[in-house]
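Hi,

Here is the structure I said I'd pass on. Have a look at it first, and my notes follow below.

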Amino acid sequence: MIRNEIEKKEELTLSPCACLAINSKGRAREEEADPIRTCFMVDRDRVIHSKSFRRLKHKTQVFIAPRGDHFRTRLTHTLEVNQIAKTIGAGLNINLDLIEAIALAHDVGHTPFAHAGEEILSKLLPGGFHHNINSVRVLTKTEQHRKGNGLNLTAEVLNGVLCHSGYGTLSSDADTLEGQVVKISDKIAYVQHDIDDSIRAGLLDPNELPIDCLEILGRSHSERITTLVADTIVNTRNLIANGTNNKVTPSEIIESALIKLRAFMFEKIYNGEVCQQERKKAMFIIEHLYDYFNKHPEKMTTLYLEIAADEGLQIAVADYISGMSDAYCIQIFESIYIPKTLVDLSIAKDFI
């Protein structure tokens with residue numbers, strides 16, 4: 001079979017540190033192997049064809065409902081992460097199919113209105129809400145495949161998705177180098193493209209960026225990404241060659257500059273006055289929808305009523321709302337809370 005040829009090629013050509021498809025821990029539900037695609041290739045394709053992946057095109061990255069076609073959405077962010085991760089993966093000679101499957105799936109559990117939605121759901125839902133955990137939940141529960149719950153992805157992809165979030169000592173690393181590549185690529189991508197979008201929106205002057213970070217990483221968008229990608233590849237290869245550890249990471253000086261630039265973006269943009277004003281509006285919408293569907297569960301679709309029966313109503317409501325796009329969330333809010341005119345002005349008579 002063609003799949004066997006591809007798997008044999010992986011064994012012969014990829015780094016000893018790579019996660020080979022033939023060595024996968026497998027799926028929760030056993031299924032017949034594809035005659036052409038490896039298990040990780042199948043996972044990638046299932047993610048791409050899923051509804052939750054398509055909805056990312058209408059979910060916020062940073063700016064809610066931006067006017068203009070050039071601002072990032074959650075989908076374009078995902079594609080940028082994928083591109084950066086595959087470049088790093090190629091430099092490390094590890095499994096690009098696994099990297100792509102993780103990268104494309106990593107944010108399918110994000111809420112409408114980005115981290116504003118995540119923050120308010122975390123306050124409302126007992127036990128909290130985290131988008132990386134919810135991404136795994138979407139991939140294993142709410143997406144439907146062959147009339148079963150979830151996409152039945154491999155353990156390595158689910159682990160990479162679960163461990164992609166967070167930064168620093170409090171976050172956990174994926175079990176595979178491929179998953180670790182996606183995690184650092186996520187940070188490289190969003191810090192740099194959020195700077196680009198903030199400048200485009202007029203919320204950030206390039207001269208405000210920390211000069212010491214620019215001197216280390218580069219002054220342009222492309223220069224910074226090139227520096228971060230190249231340094232991550234070289235530093236990781238050195239760590240592996242020296243037997244230090246198998247960990248995907250930039251060198252200390254480069255990573256420190258990235259962390260400082262990320263902290264600047266949190267202070268200036270993410271937690272800045274303009275974004276916070278819109279975040280409060282978004283949180284208001286989600287809070288009211290959460291209350292409404294907890295009082296009127298019959299308004300949700302059958303899948304979520306089944307989840308409510310199995311796991312509790314609040315979990316089902318969080319699943320339902322987190323799956324919404326920004327536009328659909330606003331549409332549902334308007335249909336419930338915004339009054340509509342009962343008069344057709346086009347046919348109303350003038351009694352004056």
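Buried residues account for 52% of the 352 in the protein chain. Keep in mind as you read that this is a predicted model, so every value here is computed from it.

Overall picture first. The protein chain has 16 helices and two strands. Its radius of gyration is 22 Å, which agrees with the value near 20 Å that a compact globule of 352 residues would have. Along the principal axes, the C-alpha atoms fill a box of roughly 85 × 55 × 40 Å. If you take the contacts between residues at least 6 apart in sequence, 70% of them join residues at least 24 apart.

On the surface side, about 17500 Å² of the protein chain is exposed, and carbon and sulfur atoms supply 55% of that. As for charge, there are 40 positive and 48 negative ones, and their mean positions lie 3 Å apart.

Now the helices, where I spent most of my time.

H9 runs over residues 177-200. Its 24 residues should span 34 Å at 1.5 Å a residue, and the end C-alpha atoms are indeed 34 Å apart, so expectation and model agree. This helix is mostly covered, with 21 of its 24 residues buried. After H9 comes Gly-202, which has a positive phi near 80°.

H13 (residues 273-295) passes the length check too: 23 residues at 1.5 Å each should give 33 Å, and the distance between the end C-alpha atoms is 33 Å, which agrees. Its buried residues are Cys-275, Arg-279, Ala-282, Met-283, Ile-285, Ile-286, Leu-289, Tyr-290, Tyr-292 and Phe-293. What covers them? The cover includes H6, helix H12 (252-270), helix H15 (313-322) and helix H16 (326-337).

H7 (residues 131-142) is the one that falls short. A straight helix of 12 residues would span 16 Å at 1.5 Å a residue, but H7 spans only 14 Å between its end C-alpha atoms. It is also largely enclosed by the rest of the structure, because 10 of its 12 residues are buried. Charged and polar residues are on that buried list, among them His-131, Asn-132, Asn-134, Arg-137 and Lys-141; Val-136, Val-138 and Leu-139 are on it as well.

Two backbone angles are worth a glance. Asn-93 has a phi near 60°, which is positive even though the residue is not a glycine. It sits in the loop between helix H4 (74-92) and helix H5 (96-105), and Asn-93 is partly exposed, with a relative accessible area of 33%. Ala-114 is another non-glycine residue with a positive phi, in this case near 55°. Ala-114 belongs to helix H6, which covers residues 114-124. Is Ala-114 buried or exposed? Its relative accessible area is 4%, so Ala-114 is buried.

A few single residues to click on while you have the viewer open:

- Ser-24 is in the loop that links helix H1 (2-13) and helix H2 (39-48). With a relative accessibility of 18%, Ser-24 counts as buried, the cut-off being under 20%. Leaving out residues up to four places away in sequence, Ser-24 touches Cys-39, Phe-40, Thr-154 and Glu-156.

- Glu-11 is part of helix H1 and is partly exposed at 41% relative accessible area. Beyond residues up to four places away in sequence, Glu-11 touches Leu-20 and Ile-22. From C-alpha to C-alpha, Glu-11 and Ile-22 are 8.7 Å apart, with their positions 11 residues apart in sequence numbering.

- Arg-237 is found in helix H11 (residues 221-241). At 48% relative accessibility, Arg-237 counts as partly exposed. Setting aside its neighbours within four places in sequence, Arg-237 is in contact with Gly-91 and Leu-92. For a sense of scale, the C-alpha atoms of Arg-237 and Lys-299 are 53 Å apart, and the two residues are 62 apart in sequence.

That's my list. Over to you!

Cheers

Notes
Residues are numbered from 1 along each chain as its sequence is written. This is a predicted model: local features need pLDDT of at least 70, side-chain atom pairs count only at pLDDT 80 or more; totals for chains, interfaces and linings use all residues. Side-chain values use heavy atoms; hydrogens and water are left out. Helices (H or I, at least four residues) and strands (E, at least two) are DSSP runs, numbered from the N terminus. The radius of gyration is taken over C-alpha atoms; the globule rule is 2.2 Å times the number of residues to the power 0.38. Buried means under 20% relative accessible area, exposed over 50%, partly exposed in between (1.4 Å probe, protein chains only). Contact means heavy atoms within 4.5 Å. Accessible areas come from the Shrake-Rupley method with a 1.4 Å probe; for residues, only the protein chains shown count as cover. Lys and Arg count as positive and Asp and Glu as negative; His and the chain ends are not counted. The place of a charge is taken as NZ of Lys, CZ of Arg, CG of Asp or CD of Glu. The expected span of a helix is 1.5 Å times one less than its number of residues.
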